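Open the model in a viewer and keep the selection panel at hand. The stops below go from the whole chain to single residues.

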Amino acid sequence: MSPLSSRLTAVRTRAARVRTRAARLLRFFKDLGPKAFLGRVFSKLSTQLSLQNAGGEMLVNLEHAAAVDWTVPGERFANPVTAADGPVRMAWIMSPPGAESGGHQNLFRFIDFAERAGHHCTIYLYDNLHLTPSLDATKQMLAASKSYPDLKADIRMYDASVGVDADTQALFATGWETAYASYLDRSTAKRFYFVQDFEPYFYAIGSEYILAENTYRFGFHGITAGGWLAHKLSTEYGMACDSFDFSVDTSLYRITNERPRNEIFFYARPVTSRRAFELGVLALKDFSELKPDVTINLAGWDVSGWDLPFAYKNHSSMQLAELNELYNRCAAGLVLSLTNMSLLPLELISSGVAPVVNDGPNNRMVSDNPFIEYVPPVPMALARTLAGVFDRPDATARGLAMSASVAGASWSDSGDAFVSAVERVMRG
């Protein structure tokens, strides 16, 4: 091969790699949504990118961040609107949803509960970086997805110069960057903060961490997913909070296989740092050596681009309706969460799968279900616990008992708790 041909081949190879990486990044963006995608990028590159090199851009509008002085109570919060009775007009400011954004799917679930209780909701999409594909494309994605409920709510782009509708009575921030827009909005509505995770932990210590942490001092009323967040925000930041319990949709997750099972499940999300993918891989390598004949299933993300040190089945991203069949082949499931607890442990339990979860107050304070195997986040300890599930002589009977332990659970109870908390605050 001539030197010119060699150089052309090298150029083509590099170009192919660039196209592959660009395609992967585009898919990440479409699936995760702008907020989660940018959060991932900033987290990974925070030690390499300065604010100047990043163009001064963050998830939050920096002028808005500079304008919020939470050390001086805002005048508009002195006498917020109340609603003595009847429907409450709610505005929800959120980052644009992605097709696979579990946080948005759960958020829409609770907006649905509010609408079913008779309240009127409007959704405003906050996109400081102007990365939303288009409002119409977002609406089409939501309409086509089986993971999002069909809402009555009008969906608009948030324009800070216009703000929310003047008759809004309850204004919800739903993520740290939206809390700034909510704080500065000219509305006199009562401010709420729908908190699903401790978002400062999404970043290395730095500006994003501090800006996210500051939002818990804005004086909003928190409605949190689980008790750990309510405890943390009230004790460490003095934030008034209510919380709702995690639950499980037993119509989706149930036992259909009462025979012995010889597979395990791992919630694999390498694009989400708090799901501790690398720690899970280490644990599964140890497990594969302890139980070489057990099939390891990975789902949550396409991991075909990762070189993993054990044999596995790559299920990529699955539809909710597909999960129960997979769960019912598994005896145990590894679900790691380093911030607020995942919804998966209770879903696994409902399908008769023993969830192995990293121990910590962020998980224990959300669920004390006796069938969750809480284990120190040590690879071999996690592997031994996973292997121990297969050595139990009562594994089948225990699976049935697991499922029975959540048989009475219902998201509608969580929805009732959410609606009751909002109405109590709004009634003054």
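The tour starts with the full chain, then visits a sheet, a strand pair, a pocket, a cavity and two loop residues.

This is a predicted model, in which local features need pLDDT of at least 70 and side-chain atom pairs count only at pLDDT 80 or more, while totals for chains, interfaces and linings use all residues. Residues are numbered from 1 along each chain as its sequence is written, and side-chain values use heavy atoms, with hydrogens and water left out.

**Whole chain**

Show everything as a cartoon. The chain has 15 helices and 13 strands; helices (H or I, at least four residues) and strands (E, at least two) are DSSP runs, numbered from the N terminus. Of the 428 residues, 51% are buried, where buried means under 20% relative accessible area, exposed over 50% and partly exposed in between (1.4 Å probe, protein chains only). The accessible surface is about 19300 Å², with 52% belonging to carbon and sulfur atoms; areas come from the Shrake-Rupley method with a 1.4 Å probe, and for residues only the protein chains shown count as cover. Contacts (heavy atoms within 4.5 Å) between residues at least 6 apart in sequence join residues at least 24 apart in 70% of cases.

**The six-stranded sheet**

Select S10, S9, S8, S11, S12 and S13, which form an open sheet in that order with parallel pairing. Two strands pair if DSSP finds at least two bridges between them. S10 (313–314) and S13 (373–375) are the edge strands, each with a single partner, so one side of each has no neighbour in the sheet. Now zoom in on S9 (residues 295–299), which runs parallel to S10 and is joined to S10 by two bridges. Leu298 is opposite Asn314 in S10.

**S6 and S7**

Next select S6 (residues 221–225) and S7, a parallel pair with four bridges. Thr224 has Ser243 in S7 as its bridge partner. Which side chains of S7 (residues 241–244) are buried? Asp242 and Phe244 are, and they point to one face, whereas Cys241 and Ser243 point to the other and are not buried.

**The second largest pocket**

Select Pro260, Arg261, Ala331, Ala395 and Thr396, the closest to the centre of the second largest pocket among its 19 lining residues. The volume of this pocket is about 270 Å³. On a 1 Å grid over the protein atoms alone, a pocket is an open set of points with protein on both sides within 12 Å along at least five of seven lines, a cavity is a set where a 1.4 Å probe fits but cannot get out, and lining residues have an atom within 4 Å of a point. Grid points are joined across faces, edges and corners, and a volume is the space filled by probe spheres set on the points. S11 (330–335), H13 (379–390) and H14 (395–405) each supply at least two lining residues; H14 gives the largest share, six residues.

**The second largest cavity**

The structure holds two cavities of 30 Å³ or more. For the second largest, about 50 Å³, select the lining: Arg89, Met90, Ala91, His120, Thr122, Tyr124, Asp165, Asp167 and Thr168. S1 (89–94) and S2 (120–125) each supply at least two of these residues.

**Two loop residues**

Finish with His130, in the loop between S2 and H5 (135–144). His130 has a positive phi of about 55° although it is not a glycine, and at 69% relative accessibility His130 is exposed. Ser316, in the loop between S10 and H10 (320–327), also has a positive phi of about 55° without being a glycine. At 18% relative accessibility, Ser316 counts as buried.
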